[in-house]
Amino acid sequence: ERGTGLADQAGDAAAVLSWFRRMRESEPVSHDAEAGVWHVFRHADVERVLDDARTFSSDFSPLMPAQEDVDRFIKGNILRKDPPQHRKLRTLVSKAFTPRVVARLEPRVAAITDELLDAMGGAERIELVADLAYPLPVTVIAELLGIPAGDRPTFGRWADSLVAPESQTGFIPNAERTQAMAVVMREMNAYCLEHIRSRRVRPRDDLTSALVAAEVDGERLEDEEIVGFVGLLLLAGHITTTALLGNVVQTLDEHPGAAAALRADPAGLPAAIEEVLRLRTPLAPSMRRTTADVRFGEHAIPAGTIVLAWLASANRDERRFADPDRFVPGREHNAHLSFGHGIHFCLGAPLARLEVRIAVARMLARWSEMSVGEGAEFHDARGISGARRLPLHVRWV
Ligand code: HEM
């Protein structure tokens, strides 16, 4: 019998899901002395945490030693800001990152997907992550920002070290991790700042230039604020969208009937993708810091504590979803929390949905069969639900 703490769990998806199920039932709000955090497992409680930005802050700087490079990176990083600064930054960046800008990308996303598919040269064994699921979102975000495609390996390396630390506890802020992140952030800040300055001198038709020009009520973003946001975009879209694409393929592999139905009529794809987002939640936890003592029933979480709000557990809460463990591709009222909730709701959700819908539609159109082969490897499901490596057998049309 495993203990109830984060460190006691194995990192595979089945073990983590079974931990969530036990905790939702017996200890839905629980103190984890070893990890030094509190966990929240039920849908209603996770939503409460995400909706109350005053009590549950996204700013972890009070818990971390001051570090120049990290502070610069965080300056314009909306994910780590509270109101009222969050509102100012989000309003400004939303002006540049509009649904229209995203919708306009559709043909480019299709073209990049086809280029990646063509590059497979008709092979019947491919590796979905390296061949498609990873390069697609990275190429799209690089193009959107106007960053040279040739620099991709560099920021791929940054993303890997910042977004997918070796162990799950690596996500929890502390002094040691701050030092490790600082090294990467210094390089990233310098790179982004140079790119932003080049656009300030000579604007082009890209998101970076739009950020440089964005203005609300006479307020503009400083270069130093754009640094954090560009850095966040380079990272944010990466591993999560890659994971989602692999998760859709894995789910269709397990449900051949659903795959056949979607191949015949791709109109069902958006709803099926939402259901995969619910069942295989790319980012398992969201993190907050309490700014005051706060009660959940009999439990009192003290001020200044890190809370892990488990999106992946909320998404399987039997109090919220009928038959929560079943894949229902056309599920109604799918109030999953995979893109978060409240003021920090994922700004890239329309882009992620677009990329995955187009990529899966192209795959279904160009492959008459696809099945998962031997040798799949996965991230630690306490952090990210998704494959690092997903070998496929495919048959080309
Ligand atoms: C925020 C998930 C793709 C940009 C978030 C949050 C989640 C999330 C859960 C909220 C975190 C919190 O409240 O603590 C995902 C998933 C994705 C995805 C599952 C893919 C399937 C993207 C993409 C981009 C992006 C493609 C941009 C290109 C952002 C930004 C925020 C954010 C900028 C911060 C918003 C704010 O703080 O106001 N994402 N994301 N995401 N995401 Fe995503």
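How many bridges join β7 to strand β10, and which way do the two run? Five bridges join them, and the strands run antiparallel. Keep in mind as you look around that this is a predicted model. Below is a quick tour that takes in a five-stranded sheet, some helices with their buried residues, a few backbone oddities, and the shell of 24 residues around the ligand.

**The sheet**

- Let's start with the overall layout: five strands make an open sheet, and reading across it you meet β1, β2, β10, β7 and β3 in that order.
- The pairing in this sheet is mixed.
- β1 (29-32) and β3 (56-57) sit at the edges with a single partner strand each, so one side of each has no neighbour in the sheet.
- At one edge, β1 pairs with β2 (residues 37-40) in the antiparallel sense, over four bridges.
- To find that pairing in the model, look for Asp32, which stands opposite Val37 in β2.
- At the other edge, β3 pairs with β7 (residues 285-290), again in the antiparallel sense, and here there are two bridges.
- A handy landmark for this pair is Phe56, which stands opposite Thr290 in β7.
- Back to the pair we opened with: β10 covers residues 306-310, and its Val307 is the bridge partner of Arg288.

**Just after β3**

- Follow the chain on from β3 and you come to Ser61, in the loop between β3 and α3.
- Is Ser61 buried, exposed or something in between? Ser61 counts as partly exposed, because it has 16 other C-beta atoms within 10 Å, and the in-between class lies above the limit of 12 for exposed and below the 20 needed for buried.
- Ser61 and Arg80 are 19 residues apart in sequence, and their C-alpha atoms are 8.9 Å apart in space.

**Helix α2**

- Helix α2 runs over residues 43-51, and its buried residues are His43, Asp45, Val46, Val49 and Leu50.
- Looking down the axis of α2, you'd see these buried residues fall within an arc of 165°, so they line one face of the helix.
- Ala44 and Asp51, on the other side of α2, are exposed.

**Helix α4 and the loop before it**

- Before α4 comes a loop that links it to α3 (68-75), and Pro84 lies in that loop.
- Check the peptide bond from Pro83 to Pro84: that bond is cis, with omega near 5°.
- Helix α4 itself takes in residues 85-96, which makes 12 residues.
- From its first C-alpha to its last, α4 reaches 17 Å, close to the 16 Å expected at 1.5 Å a residue.
- Which residues of α4 are buried? They are Leu89, Leu92 and Val93.
- Those residues cover an arc of only 90° around the axis, which puts them on the same side of α4.
- As for what they pack against, the buried residues of α4 meet α11 (207-213), β5 (215-216) and α12.

**Helix α14**

- Helix α14 covers residues 269-279, and its buried residues are Ala272, Ile273, Glu275, Val276, Leu277, Arg278 and Leu279.
- These buried residues pack against α12, α13 (256-264) and α16.

**Two unusual phi angles**

- Asp323 isn't a glycine, yet it has a positive phi of about 50°.
- You'll find Asp323 in the loop between α15 (311-314) and α16.
- Asp323 is exposed, because 9 other C-beta atoms lie within 10 Å, under the limit of 12 for that class.
- His333 is another non-glycine with a positive phi of about 50°, and it is found in the loop between α15 and α16.
- Because His333 has 7 C-beta neighbours inside 10 Å, it counts as exposed.

**Around the ligand**

- The ligand is surrounded by 24 residues, and the closest are Gly237, Gly340, His344, Cys346 and Gly348.
- Two elements give two or more residues to this shell: α12 (223-254) and α16 (349-366).
- Which element gives the largest share of the shell? That's α12, with seven residues.
- Sorted by class, the shell has 15 nonpolar residues, eight polar ones and one charged one.

Key
Residues numbered from 1 in each chain as written. Predicted model: local features only at pLDDT ≥ 70, side-chain atom pairs only at ≥ 80, totals over all residues. Near = placed C-beta within 6 Å. Nonpolar A, V, L, I, M, F, W, Y, C, P; charged D, E, K, R; others polar. Expected span 1.5 Å × (residues − 1). Arc of directions from axis to C-beta. Contact = placed C-beta atoms within 7 Å. Pairing = 2+ DSSP bridges.
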